[in-house]
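These are my notebook entries on a structure that I examined helix by helix. I set down what I looked up and what I found.

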Amino acid sequence: MMEAIDWVVILAGVGGGLALFLLGLDALTHAIKKLAGGGLRSALQRMTTNRFSGVVTGVLVTAAVNSSSVTTVLVVGFVSAGILDLTRAVAVIMGANIGSTVTAQLIAFDLGLAALGGIALGFLLKAAARTDALIRLGETLLGLGLIFHGMVLMGDALAPLRDHPGFVAILAGLGNPLYGIVVGAVFTAVVQSSAATTGIAISMASSGVMSLEAGIALTLGANIGTCLT
């Protein structure tokens, strides 16, 4: 006889894990932006002399700040101010979407066991350090720790669903590319983070409740949904 599913526990685990994930991603992005300082803005201006350098710039800046949205918002601001023309701006945004795959790969690393250690060390550095560089390093470690711990919580919460017929049927529907893309786009538009959608897909796949086809469809949808930003 199949064990009853406690949906309250599952929703609390997924919701809490997602909240920690987003909090960690926000902390990581802000810490790296502070480390970069004004250099981020000036680098975008200097390195976008043509379409090819614009793509490379988008890749490097997005890989550094772990957010294609940050790069895109900066570029939109430059276009509005007349600093960049549309052709170079499109090149940078294309590069940003390539650079965002670095974030996805970072999330995919199985560092769950080190998550709590990163949170503890990051908090200590942030609280006790006296130099800006160490404080930012602490914030970075804290953000990374929260990201990975949030993924562990989501994965653990979702694990009981791998044998639930109703949930399996829903996930089977995500294998339909159009349905999966729509779900990924809508969810990303709501949470304003394609990395969060990717993180959930990785957690579900790691728990054995999502197929590769459904994960790919969700990821494609996430890249569409992030355009809302």
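Entry 1, overall content. I counted the secondary structure of this predicted model and obtained 11 helices and 0 strands. Read from the N terminus, the order of elements is α-α-α-α-α-α-α-α-α-α-α. I then looked up burial: the protein has 229 residues, and 42% of them count as buried.

Entry 2, the length of α9. I asked whether the span of helix α9 agrees with its number of residues or departs from it. Helix α9 covers residues 177-191, which is 15 residues, and at 1.5 Å a residue the expected span is 21 Å. The C-alpha atoms at its ends lie 21 Å apart, so the two values agree.

Entry 3, the sides of α9. Which residues of α9 are buried? I found Gly180, Gly184, Ala185 and Thr188 to be buried. Around the axis these four cover an arc of only 130 degrees, and therefore they sit on the same side of α9. I recalled the general rule that an α-helix has 3.6 residues a turn, so residues three or four places apart point the same way. I then turned to the other side of α9, where Leu178 and Val190 are exposed.

Entry 4, the ends of α9. At the start of the helix, I noted that a side-chain oxygen of Asn176 comes to within 3.1 Å of the backbone nitrogen of Leu178. Just after α9, I read a positive phi of about 60 degrees at Gln192.

Entry 5, α9 against α10. I looked up how α9 packs with helix α10, residues 194-206, and found an angle of about 125 degrees with the axes 8 Å apart. I therefore recorded α9 as oblique to α10. The crossing of this pair is right-handed.

Entry 6, α9 against α11. I repeated the step for helix α11, residues 212-225. The axes of α9 and α11 come within 6 Å and cross at roughly 45 degrees. Because of that angle, α9 is oblique to α11. I noted a right-handed crossing for α9 and α11.

Entry 7, Leu153. I located Leu153 in helix α7, which runs over residues 132-158. Is Leu153 buried, partly exposed or exposed? Its relative accessibility is 31%, so I entered Leu153 as partly exposed. I also looked up its separation from Gly16: the two residues are 137 residues apart in sequence, yet their C-alpha atoms are 7.6 Å apart in space.

Note on methods:
Residues are numbered from 1 along each chain as its sequence is written. This is a predicted model: local features need pLDDT of at least 70, side-chain atom pairs count only at pLDDT 80 or more; totals for chains, interfaces and linings use all residues. Side-chain values use heavy atoms; hydrogens and water are left out. The expected span of a helix is 1.5 Å times one less than its number of residues. Buried means under 20% relative accessible area, exposed over 50%, partly exposed in between (1.4 Å probe, protein chains only). The arc is that of the directions from the helix axis to the C-beta atoms. A polar contact is a pair of N or O atoms within 3.5 Å; within protein, one must be able to donate a hydrogen and the other to accept it, and residues adjacent in sequence count only if both atoms are side-chain atoms. Axes are lines fitted to C-alpha atoms, for helices over the stretch in contact, and angles run from 0 to 180 degrees between N-to-C directions. Angles under 35 degrees count as roughly parallel, over 145 as roughly antiparallel, 65 to 115 as roughly perpendicular and the rest as oblique. A crossing is left-handed if the near helix is turned anticlockwise from the far one by less than a right angle, and right-handed if clockwise.
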